[in-house]
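Dear colleague,

I am handing over the structure below, together with some notes on what was found in it. Please keep the view open while you read, since the notes move from place to place along the chain.

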Amino acid sequence: MILKSDRFQTIYRVTEKCGTTSFYQAILNWHGFKPSGPPRVYLRHNRREIAKTGLIEENVKSENLESYYDRHRDYIWFSAIRHPVSRIQSTYRNKLNRYARRFKYAAYLRGKFRQFLSQPKSWSDMNRLSSNIGKYISFAEFIEGLTVNGIDWDPHYMSLTQLLRPDVVKYDCLLRLRTLGADYQKLLGIMEERGICTKDFEQLPILNPSSSGNGTKSELTESLKSKIAQLYSADILAFWN
């Protein structure tokens, strides 16, 4: 997925579990929109109005990224990266439902039933669902399952190198989640150097932190860290060496 701003000559390559909600909110703010709810939902419900301001969301798959980049080399390309351990912990906390539905359906159904027994207003809460499923799939079992089944079946699990294709795209700015505020200022500085006025831009909002009840710190053994490093060896080599 890509968020392209013709008005500000920027292209944001979406990397799931790397502050995506914050970036959608910020870029919508650049264009004068102030969503009160989830910014991605707001954008998709207001596509025509938003497109009139020069902001378009496009589904550009990794295999098509090189040709897309060739057509938009004059834009400022940016994205966000996150260390694999932190990223997969976040995925376990609030995207475990996607894994369970595909590979551990019995645990998925037990989690859904547990959620059904709670208040109706929580039935559509995917964070709560992942928390419930986490009662039946430990973090260690989750990592072992990814080792067996792979990580290329969902963008929340895919390696960042697969999503970003740094072999064909020269990014002007890669923001690290741990230093997001400072790196965002660097991005604005690059935009200013290109003649884009950013003085009215607000600070990057920090939205949608992983907040479900699936704890992982106590389970994060050296053995699990090693398995995560193997799963995401390309990311560690590309971004964390």
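**What was found**

Leucine 146 has its place in helix α8, and please bear in mind from the start that the model is a predicted one. With a relative accessible area of 0%, leucine 146 is buried, and, apart from residues up to four places away in sequence, it touches Ile88, Tyr99, Ile151, Trp153, Tyr157 and Leu231. The C-alpha atom of leucine 146 is separated by 9.5 Å from that of phenylalanine 103, although the two residues are 43 residues apart along the chain.

Leucine 146 also belongs to the packing of two helices. Two packed helices are described by the angle between their axes and the distance between the axes. Helix α5, which runs over residues 84-103, and helix α8, over residues 139-149, have axes that come within 11 Å and cross at roughly 60 degrees. Angles from 65 to 115 degrees count as roughly perpendicular, and α5 and α8 are therefore described as oblique to each other. Their crossing is left-handed. On the α5 side the residues are Ile88, Gln89, Tyr92, Leu96, Tyr99 and Phe103, and they meet Phe139, Glu141, Phe142, Ile143, Gly145, Leu146 and Asn149 in α8. Sorted by class, this contact has nine nonpolar, three polar and one charged residues.

Helix α5 has another partner to look at, namely helix α7 (residues 126-133), with which it packs at an angle of about 75 degrees, the axes being 7 Å apart. The helices α5 and α7 are therefore roughly perpendicular to each other. In this contact Tyr92, Arg93, Asn94, Lys95, Leu96, Asn97 and Ala100 of α5 meet Met126, Asn127, Leu129, Ser130, Ser131 and Ile133 of α7, and by class there are six nonpolar, five polar and two charged residues.

One more residue of helix α5 deserves a visit, arginine 87. Is arginine 87 buried or exposed? With a relative accessible area of 2%, arginine 87 is buried. Not counting residues up to four places away in sequence, arginine 87 touches Glu16, Lys17, Cys18, Arg82, Pro155, His156, Tyr157, Met158, Ser159, Leu160, Leu163 and Tyr232. One of these contacts is with lysine 17, whose C-alpha atom is separated by 6.1 Å from that of arginine 87, while the two are 70 residues apart along the chain.

Turning to the nonpolar cores, the largest one has 46 residues, and those with the most contacts inside it are Tyr12, Phe23, Trp30, Trp77, Phe78, Tyr184 and Met191. The elements that contribute two or more residues to this core are β1 (2-5), β2 (10-13), α1 (20-30), α4 (65-71), β4 (76-81), α9 (160-164), β5 (173-176) and α10 (180-193). A second core, separate from that one, has 23 residues and includes Val85, Ala100, Leu129 and Leu224. For phenylalanine 78, leaving aside its neighbours within four places in sequence, the contacts are Thr10, Ile11, Tyr12, Arg13, Phe23, Ile27, Trp30, Tyr171, Cys173, Leu175 and Leu187.

Helix α1 also holds alanine 26, which counts as buried at 4% relative accessibility. Beyond its neighbours within four places in sequence, alanine 26 is in contact with Tyr184, Leu204 and Pro205. The C-alpha atoms of alanine 26 and leucine 204 are separated by 5.9 Å, with their positions 178 residues apart along the chain.

Finally, three loop residues may be worth finding. Most residues other than glycine have a negative phi, and most peptide bonds are trans. Glutamine 9, although not a glycine, has a positive phi of about 55 degrees; it is found in the loop between β1 and β2 and is partly exposed, with a relative accessible area of 28%. Arginine 165, in the loop between α9 and β5, likewise has a positive phi, near 50 degrees, in a residue other than glycine. Lysine 61 lies in the loop between β3 (55-58) and α4 and is partly exposed, with a relative accessible area of 47%. Lysine 61 and leucine 3, which are 58 residues apart in sequence, are 13 Å apart in space from C-alpha to C-alpha.

With best wishes

Key: Residues numbered from 1 in each chain as written. Predicted model: local features only at pLDDT ≥ 70, side-chain atom pairs only at ≥ 80, totals over all residues. Heavy atoms only, no water. Core = buried A, V, L, I, M, F, W, Y, C linked by side-chain atoms within 4.5 Å. Buried < 20%, exposed > 50% of the residue type's maximum accessible area, 1.4 Å probe, protein only. Helix = DSSP H or I, 4+ residues; strand = E, 2+ residues; numbered from the N terminus. Contact = heavy atoms within 4.5 Å. Axes fitted to C-alpha atoms, helices over the stretch in contact; angles between N-to-C directions. Parallel < 35°, antiparallel > 145°, perpendicular 65-115°, else oblique. Left-handed = near helix turned anticlockwise from the far one by under 90°. Nonpolar A, V, L, I, M, F, W, Y, C, P; charged D, E, K, R; others polar.
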